[in-house]
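Work through the exercises below with the sequence and the model side by side. Each task is followed by its solution in steps.

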Amino acid sequence: MSGRILFIPPEYDCNISNAQILKDTCLVPCLLQKYYGYHTTIAAYSIDESLLKIHFPDCKFECINYTGIFNRDAHTYINEHANNFDILFMFGPYECYVEFGAIYKKCNPDGKIYLKLDMNRYWLSRIISTQHFSALLGMCHLISVESYNLYRIINRETPFNVELIPNGFYETFPVEPLGYPEKENIIITVGRLGIVEKQTDVLLKAFLDADIPGWKLKLIGNVAQRFLSTMETFREHPKFEQAVEFTGPIYDRQKLEEEYRRAKIFCMTSNVEAYAHVFAEAAKNGCYIISTDVDGAYDITDNEQYGTVVPVGDCKTITGAFEKICPDDDKIQEVFNGMYSFARSELSWKYILGKLDILFHLKGLAK
């Protein structure tokens with residue numbers, strides 16, 4: 001046995017959504033059990049246990065007793081159960097985890113704590129000098145962050161040692177090998193369309209301004225209510241009806257995979273991200289990535305070897321990137337070959353968590 005892991009979400013995620021079951025929030029502890037022999041328990045107010053069992057039948061869920069204040073209820077749970085677990089897994093640098101960790105260590109002095117930071121540069125700049133951030137990192141036996149930029153900053157500006165562990169992809173169904181001839185002249189984006197952070201208007205304007213005949217833009221995801229009137233304005237552009245498609249959300253993961261497989265280019269125009277999961281999804285399907293300069297963009301493109309990184313909010317530069325890359329099929333195919341091979345060998349969660357398992361053993365979190 002490698003160790004017994006307890007994951008308690010921060011207070012804002014006290015009810016774990018279905019989407020989170022297949023994001024790193026739950027993937028990390030659940031796949032450590034699936035692939036590397038750990039025993040994982042998720043404790044929260046609620047989760048779809050039937051869905052959890054479909055994906056991770058051996059993982060356990062324990063319902064935290066509800067009194068109305070999650071932090072207090074989590075404290076009670078940890079007090080009662082700390083000795084049943086060897087590792088406390090914490091997700092994000094939230095203040096509540098300082099208390100959770102302190103109670104866990106008090107009740108189980110031999111227990112170890114792993115913190116996955118899941119943060120972006122702006123969040124880091126706000127809290128790097130705070131007492132709670134130092135206290136949180138100081139109680140952890142292993143800390144990881146997803147992007148090289150944050151890894152470099154934290155290790156340079158704090159006394160704590162942080163490991164670089166990126167986000168990866170996890171396939172819940174068999175996937176056939178992908179060949180470049182399956183690709184089409186399609187640019188896709190995937191996410192919560194129209195929210196401030198995603199800058200969907202920037203993407204639409206950049207695409208509609210680009211002189212790239214024969215190319216299509218597909219936007220996959222829910223459209224924010226606030227964006228509907230803006231979307232109608234874009235519909236007046238003569239290219240819109242022929243070249244732009246809003247698919248709506250695609251919950252069927254196999255159908256979403258088909259969209260990635262067909263697309264030659266994946267584009268993200270966000271103003272802030274914490275190593276977005278869609279990067280790995282696009283990479284494993286060999287997409288050329290055009291992204292704004294958010295955390296993880298230089299990591300996933302290997303410093304632009306596999307893509308182009310542009311300034312946030314710069315429509316003209318994004319348009320220029322489309323006009324430079326879209327006609328250059330040889331370049332797109334070259335990137336496809338390199339990105340597809342790299343991602344398939346090094347970005348699966350099984351491969352990434354193999355590194356984490358080694359760190360657990362080196363740092364004394366597992367035996």
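Asp 118 is buried, its relative accessible area being 15% (buried means under 20% relative accessible area, exposed over 50%, partly exposed in between, with a 1.4 Å probe and protein chains only). This is a predicted model, in which local features need pLDDT of at least 70 and side-chain atom pairs count only at pLDDT 80 or more, while totals for chains, interfaces and linings use all residues. Residues are numbered from 1 along each chain as its sequence is written, and side-chain values use heavy atoms, with hydrogens and water left out.

**Exercise 1.** Describe the backbone and the setting of Asp 118 and of Asn 303.

Step 1. Phi of Asp 118 is near 45°, a positive value in a residue other than glycine. Asn 303, not a glycine either, has a positive phi of about 55°.

Step 2. Asp 118 sits in the loop between β5 (112–116) and α6 (121–127). The loop that holds Asn 303 runs between α14 (297–300) and β13 (307–310). Helices (H or I, at least four residues) and strands (E, at least two) are DSSP runs, numbered from the N terminus.

Step 3. Asn 303 is exposed, with a relative accessible area of 57%, whereas Asp 118 is buried at 15%.

**Exercise 2.** Place Phe 91 and list what Phe 91 touches.

Step 1. Phe 91 belongs to strand β4 (residues 87–91) and is buried, with a relative accessible area of 3%.

Step 2. Leaving out residues up to four places away in sequence, Phe 91 touches Phe 7, Pro 10, Asp 24, Thr 25, Tyr 97, Leu 115, Lys 116 and Asp 118. Contact means heavy atoms within 4.5 Å. Asp 118, the loop residue of Exercise 1, is thus one of the partners of Phe 91.

Step 3. The C-alpha atoms of Phe 91 and Tyr 114 are 8.6 Å apart, with their positions 23 residues apart along the chain.

**Exercise 3.** How do helices α4 and α5 pack?

Step 1. The axes of α4 (residues 70–81) and α5 (residues 96–107) come within 9 Å and cross at roughly 20°. Axes are lines fitted to C-alpha atoms, for helices over the stretch in contact, and angles run from 0 to 180 degrees between N-to-C directions.

Step 2. The two helices are therefore roughly parallel (under 35 degrees; over 145 is roughly antiparallel, 65 to 115 roughly perpendicular and the rest oblique).

Step 3. From α4, Phe 70, Asn 71, Ala 74, His 75, Ile 78 and Asn 79 meet Cys 96, Glu 99, Phe 100, Ile 103, Tyr 104 and Cys 107 of α5.

Step 4. Asn 71 counts as buried at 16% relative accessibility. Beyond four places in sequence, Asn 71 touches Glu 11, Cys 96 and Phe 100.

**Exercise 4.** At what angle do α9 and α15 cross, and which residues make the contact?

Step 1. The axes of α9 (residues 200–209) and α15 (residues 315–325) come within 8 Å and cross at roughly 50°.

Step 2. α9 and α15 are therefore oblique to each other.

Step 3. On the α9 side the contact is made by Val 202, Leu 203, Lys 205, Ala 206, Phe 207 and Asp 209, and on the α15 side by Cys 315, Ile 318, Thr 319, Phe 322 and Glu 323.
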